[in-house]
Amino acid sequence: MGQHERRHGEFKVVGGKLVVADLSVVDGRLADVSVNGDFFLEPDEALQDINAALTGLEEDASPQQIAGAVRAGLADDVVLFGFSPEAIATAVRRALARATTWDDHVWEVIPPTVRPTVENLALDEVLAREVGAGRRRPALRLWDWDEPSVVIGSFQSLRNEVDAEGARRHGISVVRRVSGGGAMFMEAGNCITYSLYLPQTLVDGLSFSESYPFLDQWVMQAFQEMGLEAFYVPLNDIATEHGKIGGAAQKRFAGGGMVHHVTMSYDIDAQKMTEVLRIGREKLSDKGHRSAKKRVDPLRRQTGMARADVVDKLLEVFTGRYAAVPGAVGEDELAAARELVDTKFGTREWLTRVP
């Protein structure tokens, strides 16, 4: 791309407006900057202040530096509605090819294959790192498993989250994932779990809280087509007016790859869940419920659809929205995951790293 060639970047704020950045680069700095879009801005002349604040910035400025320059260039009484300095930074970074869009990538869909839960966890790390290294395409992978499990978050205390006697009584395996967040009670056929493996350039400039709904816009579209109006409850819960459906978690790896995974309740044995998970009073109080059984409202009841049909709808929407192609886990990736089970995810040391 020639140094003075006009560059164009766009970013649609989740729940907000479209922000566009048109600019040139001269001697490594931004020039002839024009920020535009269908947002609202008062007063009008603040748009010139935004363009002036961006002009002269180094082309390798970080998202934080770009947003900071915009913020510093605006008077205290300026009102931005439907966008933000951070949204401007993302549009600018996309114009500079520092940030990417969904359309910049060829996406794969990896259909569900029954695997041990611990192997599914290891694959999340392996595939995310492979995407970061540029050795595989970004992908959506649907999980499948046949043993009942509890998956606790990376930073949760094992003894505080899991009733060991209850887990033994119900034959439930307990494993720890690489991402943060809360415990997941996962019985075969009762949950729908998927993982997205993507380069961090896709969420460049987005805060963690912004990246969750951004990466799950396609899921909200699928729910809408199923007759549900779903939304995010910050930070990481997916819900409808009837109750919580599920939760998301992320892990960003050195090397540029990341995993965003979601577990949704299709059906649930609430009594068994409360016998296995130590769901604390503080957490229930924070969610506004007195009973753990009331916190989750499964998809089977909300949609009336078979689990396989819900999965098919998710795959249909993702494939159509992002022109995804069929994919698979490679033999070398599977071998790496199984080695990671032996050395990390399947070890007592990893499970009890927070006792």
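Strands here are DSSP runs of E at least two residues long, and helices are runs of H or I at least four long, both numbered from the N terminus. On that footing, β1 and α12 each supply at least two residues of the lining of the second largest pocket. The model is predicted. The briefing starts at that pocket, then takes the β1–β2 hairpin, the nonpolar cores, helix α2, the eight-stranded sheet and V325.

**Second largest pocket**

- The volume of this pocket is about 370 Å³.
- Its lining counts 18 residues.
- Nearest the centre of the pocket lie E10, R94, T101, W102 and D103.
- Strand β1 provides five lining residues, the largest share.

**Strand β1 and its hairpin**

- Strand β1 spans residues 7-12, and its side chains alternate between two faces.
- R7, G9 and F11 point to one face and are buried.
- H8, E10 and K12 point to the other face and are not buried.
- E10 thus appears twice: on the face of β1 that is not buried, and among the residues nearest the centre of the second largest pocket.
- Strand β2 covers residues 18-26 and runs antiparallel to β1, with six bridges joining the two.
- H8 has D22 of β2 as its bridge partner.
- Five residues separate the strands in this hairpin.
- G15 in the hairpin adopts a positive phi near 75 degrees.

**Nonpolar cores**

- In soluble globular proteins, nonpolar side chains tend to be buried together.
- The largest nonpolar core in this model holds 70 residues.
- L54, W218, F223, M264 and F318 have the most contacts inside that core.
- Helix α12 (residues 307-322) is the top contributor to the core, giving seven residues.
- A second, separate core has 28 residues, among them V118, V178, F253 and L334.
- L54 contacts L30, V33, V35, I66, V70, I88 and V92, leaving aside neighbours within four places in sequence.

**Helix α2**

- Helix α2 runs over residues 63-72.
- P63, I66, A67, A69 and V70 of α2 are buried.
- Seen down the helix axis, the buried residues of α2 fall within an arc of 155 degrees, so they line one face.
- Q64, Q65 and A72 are exposed, on the face turned away from the buried side.
- The cover over the buried residues of α2 includes α1 (46-54) and α3 (85-95).
- Two of these buried residues, I66 and V70, are contacts of L54.

**Eight-stranded sheet**

- An open sheet has eight strands in the order β12-β13-β14-β15-β11-β7-β6-β16.
- Pairing in this sheet is mixed.
- Its edge strands are β12 (231-233) and β16, each pairing on one side only.
- Strands β6 (residues 108-114) and β7 (residues 139-144) run parallel and are joined by five bridges.
- T113 has W143 of β7 as its bridge partner.

**V325 on an edge strand**

- V325 lies in β16, which covers residues 325-326.
- V325 counts as partly exposed because its relative accessibility is 28%, between the cut-offs of 20% for buried and 50% for exposed.
- V325 and V106 are 219 residues apart in sequence.
- In space, their C-alpha atoms are 7.6 Å apart.
- V325 touches V106, W107, E108, V109 and R137, not counting residues up to four places away in sequence.

Methods
Residues are numbered from 1 along each chain as its sequence is written. This is a predicted model: local features need pLDDT of at least 70, side-chain atom pairs count only at pLDDT 80 or more; totals for chains, interfaces and linings use all residues. Side-chain values use heavy atoms; hydrogens and water are left out. Buried means under 20% relative accessible area, exposed over 50%, partly exposed in between (1.4 Å probe, protein chains only). Two strands pair if DSSP finds at least two bridges between them. A nonpolar core is a set of buried Ala, Val, Leu, Ile, Met, Phe, Trp, Tyr and Cys residues joined through side-chain atoms within 4.5 Å. Contact means heavy atoms within 4.5 Å. The arc is that of the directions from the helix axis to the C-beta atoms. On a 1 Å grid over the protein atoms alone, a cavity is a set of points where a 1.4 Å probe fits but cannot get out, and a pocket is an open set with protein on both sides within 12 Å along at least five of seven lines; lining residues have an atom within 4 Å of a point. Grid points are joined across faces, edges and corners, and a volume is the space filled by probe spheres set on the points.
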